[in-house]
Amino acid sequence: MKIYLNGKFSLVKMTGVQRVAVELIKAIRVESEKTQDFSIEVLYPPSFIAHSRFRAAWSLLWEQLILPWHCRDGLLLSLCNTGPIFLRKQVLVLHDAAVFDMPGNYSWKYVLVQKLMMRLHALCKKTIYTVSSFSQQRLSSALGIPANEIGKLVLGCEHVHNARADFTILDKLKLRSGEYMLAVGSLQPGKNFDLLVKLAERQVSFPIVVVGGVDPSVFGGIDNQRKSALRYAGYVSDEELEALFSSARCYIQPSFYEGFGLPVLEAMARGIPVLCSNAASLPEVGGDAVLYFSPDNVDELDKLVSTVVDDAEAMAHLSEAGKLRAQGFSWTRSAEIFIDQILSLKR
C-alpha cells in the first residue's frame, strides 16, 4: 500500500497543529520500516510557494489541483485541517471545530473558506479523525457526522526530550531560572491571554513569559509598573522553548477553547507544574495531574498561584503527577493505532 502525506503544513510557522504533523510523520515512518506493510512519501509544495506574496492562494491551488494527481495511486493523509476536497482516497485530521465555535479567532475570509471546505469534506464522506473527545463532539455537531464515525488520535510528547536547551533566551528576556511563569499560544481570543494581564496586575513577584505570536500592544492596558510582569518572547526555536519550559516555576494554560492543548502535555512531560483552565478539551489532557481554574475567573487563578508556587511539597506533587500522566501519551502508540486503522480500510 502506498501512503502519501500532505506537506502543505510546512509553509507556516510551527504551532501545535504543525507539531502534531511533524511528530506523527516521524512515528509513521518508523512504523512503515518496522512492518513493511506500506510505503510512505511526504509531498511538499514547490519551494517557490514559500517565498511568494500570494502564498495562501498558491498553496490552496497546489493542494486542491496538483496534490491529488501526485497521490492518485495511493492514500493521502492530510494531518492539518485541510486537504483536497474531491479526493476520496484520503484520511483527514480536523483538530477542532473552532471556526464554528470561536469564529472571532480568525479573519472572516479564513472562517468562510474553512467552514465551506470542512462541510464539503463531510459531504464527500471522507475518513475523518480528530484529537480529543471534545473535538469529536463539536465536529459532530458542526458537520452533522455521528461522533462515533469520527476517529480519535492519541497524541504524544516524546519530542520534548529531543531538543537541547538554549539558555541564552533567559538572558535575553532577563529571567532567572525558577522565577517566572510560562504560557504558550498564538494571539487569539480563545487563548484568553487577557486573563494573564489581570493576573500580572496582582502577581508581581514572578513575571509571566508569553511565547508565541503575541503583539505586546494588546497587553498595553496596564500601567508601566505592572507591564514588567509580562515578558513577550514571540516565536522561539525548539531549543529556546526547551529552556523556557525547563526553567519555569509553573505553566499556565488559560484558554477558553482548545482542540487538544499540546503545551499542557509538553509541560507535564517535563515535570513542570501546570495550572490549567477547566474548559474544552483541557481536562482530557491534564486529568488529575494539574490544578484547574475557571478561564473567566482571575481570583481562582490568583489563589492557585499564590498557594502553589510557594509550596514546595505541592510543586513536587504536581511535577511527579504530570510526568506520570504524560507517560500515557505516545507518538509511537499513536502511529501504530492510526496506521492499523488505516490499513484496515483496505482489508
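This is a short dialogue on how to read a few features of a predicted model.

Reader: Let's start with the sheet. In what order do the six strands come, and how do they pair?

Author: Here is the general idea: strands of a sheet pair through backbone hydrogen bonds, either parallel or antiparallel. In this model the six strands form an open sheet with parallel pairing, and the order is β2-β1-β3-β4-β5-β6.

Reader: Which strands stand at the edges?

Author: Those are β2 (39-43) and β6 (151-152). Each has a single partner strand, so one side of each has no neighbour in the sheet. For a pairing inside the order, look at strand β4 (residues 90-93) and strand β5 (residues 127-130): they run parallel and are joined by three bridges. There you can find Val 93 opposite Tyr 129 in β5.

Reader: Next, the core. Which residues touch the most other members of the largest nonpolar core?

Author: In soluble globular proteins, nonpolar side chains tend to be buried together. The largest nonpolar core here has 64 residues, and Leu 77, Leu 79, Leu 182, Leu 244 and Phe 338 touch the most other members. Helix α1 (residues 16-35) gives the largest share of this core, seven residues. There is also a second, separate core of 21 residues, with Ala 200, Ile 208, Cys 250 and Leu 275 among them.

Reader: What is Leu 77 in contact with, leaving aside its neighbours within four places in sequence?

Author: Its contacts beyond those neighbours include Ile 3, Leu 5, Ile 28, Val 91, Phe 338 and Ile 342. Tyr 4 and Asn 6 are also in contact with Leu 77.

Reader: How many aromatic pairs are there?

Author: The count is six aromatic pairs. A pair of aromatic rings is described by the distance of the centres and the angle of the planes. Take Phe 48 and Trp 58: their ring centres are 5.5 Å apart and their planes stand at 80 degrees, so this pair is edge-to-face. Phe 48 belongs to helix α2 (residues 47-50) and Trp 58 to helix α3 (residues 55-70). Phe 48 is partly exposed at 43% relative accessible area, and Trp 58 is partly exposed at 39%.

Reader: And are Phe 260 and Phe 329 buried or exposed?

Author: Phe 260 is buried, at 10% relative accessibility, and Phe 329 is buried too, at 14%. They form an edge-to-face pair, 6.2 Å centre to centre with 75 degrees between the planes. Both lie in loops, and the pair ties together parts that are 69 residues apart in sequence.

Reader: What about phi: what values do Asn 81 and Lys 174 have?

Author: Most residues other than glycine have a negative phi, and most peptide bonds are trans. Asn 81 has a positive phi near 80 degrees, and Lys 174 has a positive phi of about 55 degrees. Asn 81 sits in the loop between β3 (75-78) and β4 and is buried at 17% relative accessible area. Lys 174 sits in the loop between α7 (168-172) and β7 and is exposed at 72%.

Reader: One last residue: is Lys 191 buried or exposed?

Author: Lys 191 counts as buried because its relative accessibility is 14%, under the 20% cut-off. Its place is in the loop between β7 (181-184) and α8 (194-200). The side chains of Lys 191 and Glu 258 are joined by a polar contact of 2.9 Å.

Definitions and conventions
Residues numbered from 1 in each chain as written. Predicted model: local features only at pLDDT ≥ 70, side-chain atom pairs only at ≥ 80, totals over all residues. Heavy atoms only, no water. Helix = DSSP H or I, 4+ residues; strand = E, 2+ residues; numbered from the N terminus. Buried < 20%, exposed > 50% of the residue type's maximum accessible area, 1.4 Å probe, protein only. Polar contact = N/O pair within 3.5 Å; in protein donor to acceptor, adjacent residues only side chain to side chain. Core = buried A, V, L, I, M, F, W, Y, C linked by side-chain atoms within 4.5 Å. Contact = heavy atoms within 4.5 Å. Phe/Tyr/Trp six-rings, centres within 6.5 Å; stacked < 30°, edge-to-face > 60°. Pairing = 2+ DSSP bridges.
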